[in-house]
Amino acid sequence: MSQTYGHFDDATREYVITDPRTPVKWVNYIGSLAFGGIIDQTGGALLCAGDPGLNRITKYIPQLPASDFKGTTLYLRVTRGGKSRIVSPFFTPCLDPLDHYECRVGLSYQKIISEIAGVRVAATVFVPPGEPVELRNIEVTNIGESNVSVDVVPVVEYSHFDALKQFANADWVPQTMMSEKLDLGGGQMALLQYPFMRKDGEVNFLSTNLPVDSFESDRKRFLGSNEYGSWRAPEALLGEHLSCYEARRGDNIGALLIPLGTLACGESKRVVTILGQASRGEIVGHVGRYRDPAAVDAAFDSLMSFWDNYLSVFQCQTPDPAFDSMVNIHNPRQCYMTMNWSRYLSLYQLGIGTRGLGFRDSSQDTMGGMSGDPATALGLIRKLLSIQLRDGSAMHQFYPKTMHADCGDAAEEPEKGKLVYGDDHLWIVLAVCAYLKETGEMSFLNEQVTFYAAGMPLPERESATVMEHLQRALEYTKTHTGRNGLPLLGYADWNDTVNLPGDAESLFNAFLYGTALLEMMELCRHLGDGKLAATYQTDHAIMAERVNQVAWDGEWYVRYFTEDGQPLGSIKNSHGSIYTNAQSWAVLSGFAPRERALQALDSVKDKLNTRFGIKLSGPGFNRYEPEIGGITTYPPGAKENGGIFLHSNPWVMIAETMLGRGDRAFQYYCQINPAKRNDDIDLFEVEPYCYPQNILGDEHPQFGLGRNSWLSGTASWTYQAATRHILGIRPGYDGLTVDPCIPSAWSGFEVKRRIRGAEYRIKVANAEHVNAGVIQLAVDGRQIKGNVVPYFDSGTHIVEVLLGCRKVRQSQPANTPELSPV
Ligand code: GLC
């Protein structure tokens, strides 16, 4: 068995890393996009405020070796019996073996506890909700057998706020970087850092609640010997004091020497460091607030209340502890992070240049985070609607600080009527409908939202109701079709990397359109607009017929047609002959008749499934082919080219539940559950407490290796697959549908679901060991017909559910599309 680096501690809702030398850095998120970033298990942090590309704070370079200094750290100078030692309680950069180490990866906090040189350090790092400061609450205890004197030295290495320039211009950047001491009165100081052009605007600051002996702001002086001194042994720490140099150029750091004085055996002292960004006038307030450690504790408690509330909307107890751990803690946490950070900042996605918040990605992210935090989801949905164009299509991404939008990698200009990403605009239909079902806030449909028009002042832009936005989205796809009457691909659809020239057609877009039509039909019926519902039903039937006429390939659905009508994702193709999404979405959209649905999903199992997850497509292209696109830049087995692209796995799970195959859906769930990879982690390499975006497929020599952890649509969709489809607790317009599709081995499970002001304690019994089929349902002791629990305004309600194989189910589950005939 390979080595493990930690374990889950569900009681504290933490993952505990017990060896700092993980295969790659394992990170956590603190704060939000407004102020925050990632922090790794060795205390390094990449922080930004509002924009990781244009307002970066710390210089964290993921490409450097793991042993290097990254962004932030902490040194201790420990003097015992007249002898001093410089140590790193976070392991890097000194790398001396620690007598004890644990990093508790918590809910928006990181707690590193370590022991070295007879001193125990417990440091909790977090951002108080809504504030522009990172706090490090550091408790130092003398666990040795004699008195010890300890100096605490927090260090930050700053980036120019323009992260790209930091790397692009090695003269301009250092010529602009300034540091300065700010006296805060009462013996308190902050060390400021800012590029010259920001002197009177927002500046970075590092401070502490204790008196500071001295400081350093210049990296060269701190390391010494013209930087032939190193982070591992900074020469400045050999002297009694730091030089108190206020840098006027160069590579700026912030280092504070904070003497704790003498600690008797067993004695503890606490110091709080405060790293933030604010205007000069605000700094004294930020630092003053946290001078009192009780305020730090209160800030931490308020962060925990947020998470208690967020997680309490859905808690389950099933026979599978790894499932429960993910569904109750880690997966919803990841959903929250994707909803906040989109694909903007991670260890792999650095928010520099042309990557903003994606229309498609964020629409899907809201669906994972909205049950716990509907207000944030709503805010994001509004922004997304505001970058939709008048014709119904959408800009591909936006930058939240400016609300400027563009089309990312596609060099096209959608405003000139050119179709760019053929799928983007359709995702918002799914997001809005999910929001309405979750909250019941139907008035949102009448809210006016402007359409995007670059360069035009907001008041002059055309606006329309949210309902109209959704209708235009559908209309756009309906009227942008190719030679087979299927929706055009544009530059790309969900799969960014297949970029076929000309007017190629996309089956994914057809299926997503079908799914959006199903949602709109349901919405219109709920609104009592039978006419519009009927129109959408006709559109759905028309597209279903086209798809089934031209895209069924014998054992599966093809994925694309080129401009001249050649299929891709067909048995006729030697590479890329089958694509997962064309099968799962054929089912999700209700387009696949049952026989084809079963066959298509069986083909996925036979041709694309591996023990580490389902591949996106196969076989991989084995040479670069620009006319096919970015997919061919990867070797076979990597990323979209035959890799296990995790985002598409939960769609297969959902499709399997729609066909009632709970054992298979659950097998697919388990094989990508990162918690289950904890014991072969040297192969998987990435964090076992969140989903990565991709795992190398079986055509690759490193089959099983994960990458691009955290920011992936996998989070939202796996959460949806687990909660709404496997456990089957689905919010609808009129009630909570209970329609589990579980492994037959389970005797039952329990769920607590809070929604629209009431809590439902749902107990499902499966004595007959079936996969699906509600045969009895009681609410507060009274039997009801069907499997939809009506919404209550308040209180706790007991829901008892019996699964079984009585021939006729009590009702058709609300979300199961009617499968159309061929
Ligand atoms: C990345 C993108 C996402 C896209 C996927 C597949 O995850 O963020 O938008 O759908 O790759 O290409």
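**Hairpins, sheet and ligand site in a predicted model**

Strands E13 and E14 form a hairpin with two residues between them, and Gly186 in the turn has a positive phi of about 60°. Helices (H or I, at least four residues) and strands (E, at least two) are DSSP runs, numbered from the N terminus. The structure is a predicted model, in which local features need pLDDT of at least 70 and side-chain atom pairs count only at pLDDT 80 or more, while totals for chains, interfaces and linings use all residues. Residues are numbered from 1 along each chain as its sequence is written, and side-chain values use heavy atoms, with hydrogens and water left out.

Strand E13 covers residues 177-185, and its antiparallel pairing with E14 runs over eight bridges; two strands pair if DSSP finds at least two bridges between them. Within this pairing, Ser179 stands opposite Gln193 of E14. On to the next strand, E14 also pairs in the antiparallel sense with E15 (residues 202-208), over four bridges. Here Leu192 is opposite Phe205 in E15, and a hairpin with six residues between the two strands joins E14 and E15.

Strand E14 (residues 188-195) is mostly covered, with eight of its eight residues buried. Buried means under 20% relative accessible area, exposed over 50%, and partly exposed in between (1.4 Å probe, protein chains only). In a regular strand the side chains alternate between the two faces of the sheet. In E14, Gln188, Ala190, Leu192 and Tyr194 point one way, Met189, Leu191, Gln193 and Pro195 point the other way, and all are buried.

A second sheet topic concerns strands later in the sequence. Six strands form an open sheet of mixed pairing, in the order E19-E37-E38-E42-E39-E40. Strand E19 (314-317) and strand E40 (782-783) stand at the edges with a single partner strand each, so one side of each is left without a neighbour in the sheet. Strands E37 (residues 748-755) and E38 (residues 758-765) pair in the antiparallel sense over eight bridges, with Lys752 opposite Arg761 in E38.

The loops beside these strands contain unusual backbone angles. Most residues other than glycine have a negative phi, and most peptide bonds are trans. Arg756, in the loop between E37 and E38, has a positive phi near 50° and is partly exposed at 27% relative accessibility. His769, in the loop between E38 and E39, has a positive phi of about 55° and is partly exposed, with a relative accessible area of 37%. Two cis peptide bonds can be added to this account: Thr92 to Pro93 has omega near 0°, and Gly618 to Pro619 has omega of about -15°. Pro93 lies in the loop between strand E7 (83-87) and strand E8 (100-105), whereas Pro619 is in the loop between strand E31 (617-618) and strand E32 (644-645).

Val779 belongs to strand E39 (residues 774-779) and is buried, with a relative accessible area of 7%. Leaving aside neighbours within four places in sequence, Val779 is in contact (heavy atoms within 4.5 Å) with Ile784, Val789, Phe792 and Ile798.

Among the helices, H15 (residues 649-658) has 10 of its 10 residues buried, so it is largely enclosed by the rest of the structure. Gly660, which follows H15, has a positive phi near 85°. In helix H11 (residues 507-527) lies His526, which counts as partly exposed at 31% relative accessibility. The side chain of His526 makes a polar contact with the side chain of Asp734, at 3.5 Å. A polar contact is a pair of N or O atoms within 3.5 Å; within protein, one must be able to donate a hydrogen and the other to accept it, and residues adjacent in sequence count only if both atoms are side-chain atoms.

The ligand is surrounded by Arg343, Arg355, Arg360, Asp361, Trp494, Asn495, Asp496, Glu640, Phe645 and Gln693, each with a heavy atom within 4 Å of it. Oxygen atoms of the ligand are placed 2.9 Å from an N or O atom in the side chain of Arg360, 2.7 Å from one in the side chain of Asp361, and 3.0 Å from a polar backbone atom of Asp496. Taken alone the ligand exposes 310 Å², of which the protein buries 95%; accessible areas come from the Shrake-Rupley method with a 1.4 Å probe, and for residues only the protein chains shown count as cover.
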